[in-house]
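Me: I have a model open and would like to learn how to read its features. Could you walk me through them?

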Amino acid sequence: MAQAAKEKENHFSAYKLFAQTREAKDPAWLVNLRQRAGESFEELDFPTTRNEAWKYTNVAPILKTPFRQLLDVELDGLTAESIAPFTFAESRQSQLVFVNGLFARELSNVTGLPSGVTVSNLADVPAGLSKTVSDHLGVYANYRNQSFTALNTANVGDGAFVYIAKGNAVETPIHLLFISTSTEATVSHPRVLVVAEEASIATLIESYVTSGEGIYFNNAVTEAVVGQNAVLNHYRLQEESERAFHVGTTEVHQERGSNYTSYAISLGGEIARHNLNVAVSDEHIETTIDGLYVVTGNQHTDSHTVIDHQKPHSASHQLYKGILDGRGRAVFNGKVFVREGALLTDARQLNKNLLLSPEAHVDTKPELEIFADDVKCSHGATVGQLEGDELFYLASRGIPQERAQALLTFGFAEDVIRRIKLKSVRERLDKIVLDKLHQSLEVN
């Protein structure tokens with residue numbers, strides 16, 4: 001208990017120092033939000049394996065590390081040229097860059113965005129949109145009973161704001177790039193707020209990368225509001241250092257007739273956790289959440305999803321796939337709620353896992369809680385290895401065993417990757433997955 005209190009005090013002391021430096025710079029409502037979140041954090045405990053939602057993920061290694069929080073952006077030699085490998089051709093002029101959680105103006109470029117679209121640092125939100133931010137920031141991500149969310153909200157100051165005005169269709173994907181560079185143990189609290197107003201259409205890429213292999217902790221929170229009849233395609237790419245820690249929370253609020261599609265990719269981190277919660281708050285809503293996680297070595301990844309159907313006539317589709325090698329461990333827990341009165345809901349959920357090593361392990365728990373009649377709901381999970389018959393078939397066609405294994409593994413991952421509409425994102429993920437598994441499709 002004494003150790004836990006010490007770990008918590010370290011984070012709380014950093015929050016208080018951060019709040020002092022920001023108080024004179026930020027509007028009163030934001031100062032008050034930080035204060036309320038700080039008070040919640042002070043009352044909450046970090047989760048342990050005794051908490052059902054964290055049963056298979058031990059965050060003790062994160063809490064025991066003495067992280068330092070940076071107060072000013074340090075580019076550490078980063079230039080537009082050096083970050084080019086982390087960017088995408090479609091969004092070179094529609095990207096915000098954050099270094100160690102802090103806005104890097106010199107590396108950002110949003111000149112390619114049309115009118116009616118605002119992409120800015122939270123500190124630079126135009127006066128006409130300040131009420132939009134205050135109306136939504138901190139409303140959906142529950143800082144009252146989630147310690148990591150409370151800690152993030154208590155440190156809100158820098159962050160990304162994406163606003164798509166009513167009726168705007170944005171062809172250019174918007175890229176929020178979070179780069180970690182520090183060679184010492186640092187903690188960052190990235191924050192994102194997305195508001196897609198009625199009948200708008202947009203694509204968002206949210207990526208977490210590193211320029212080195214240091215130990216650091218990213219505690220990220222994203223809130224997305226998808227307005228009536230709006231369409232939001234959301235790519236979340238987690239490519240952290242394999243020595244890093246990552247806890248991410250994405251809260252989505254969908255309104256009547258909206259369409260939200262999520263692709264959550266988890267490839268890095270020694271311990272990585274992503275909570276994706278979608279509130280289907282009205283009728284005729286469509287939700288698609290696809291995910292892919294690849295763990296090797298001693299990596300641990302944890303994917304928790306909740307889709308909450310609150311009204312009738314909506315549909316949700318979920319496919320999460322995992323590839324595990326070495327002593328990698330994965331956790332998948334997907335919940336679908338169909339509330340009383342949510343008639344004619346169509347909810348489908350599937351988790352499939354491929355184990356490439358006898359030491360790899362996965363805990364999977366798809367769940368349905370249905371309180372309404374006349375619904376179509378299904379859920380399932382599979383855990384398996386490469387089929388011997390398939391390997392034999394490829395070998396009989398003259399394909400070497402290593403290449404045959406690469407082809408089958410690649411095909412397993414492609415079931416998710418091929419759904420991604422952005423060509424540059426697909427190509428990047430194809431390469432990363434194969435490199436990570438030390439496999440190649442090239443003919444020697």
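Me: How do the residues lining the largest pocket divide by type?

Reply: Gladly! The lining has 14 nonpolar, 14 polar and 6 charged residues, where Ala, Val, Leu, Ile, Met, Phe, Trp, Tyr, Cys and Pro count as nonpolar, Asp, Glu, Lys and Arg as charged, and the others, Gly among them, as polar. This is a predicted model, in which local features need pLDDT of at least 70, side-chain atom pairs need 80 or more, and totals for linings use all residues. Residues are numbered from 1 along each chain, and side-chain values use heavy atoms, without hydrogens or water.

Me: What counts as a pocket, and which residues are closest to the centre of this one?

Reply: On a 1 Å grid over the protein atoms alone, a pocket is an open set of points where a 1.4 Å probe fits, with protein on both sides within 12 Å along at least five of seven lines; lining residues have an atom within 4 Å of a point. Here the largest pocket holds about 740 Å³, the space filled by probe spheres set on the points, which are joined across faces, edges and corners. Closest to its centre are Gln-146, Glu-251, Asn-275, Asn-277 and Val-306.

Me: Which strands sit at the edges of the open sheet of 10 strands?

Reply: Strands of a sheet pair through backbone hydrogen bonds, either parallel or antiparallel. Strands are DSSP runs (E, at least two residues), numbered from the N terminus, and two of them pair if DSSP finds at least two bridges between them. The order is S3-S2-S6-S9-S11-S13-S15-S17-S19-S21, with mixed pairing; S3 (102-103) and S21 (376-384) are the edges, each pairing on one side only. Strands S2 and S6 run parallel, joined by 5 bridges, and Gln-95 stands opposite His-175 in S6.

Notes:
Helix = DSSP H or I, 4+ residues; strand = E, 2+ residues; numbered from the N terminus.
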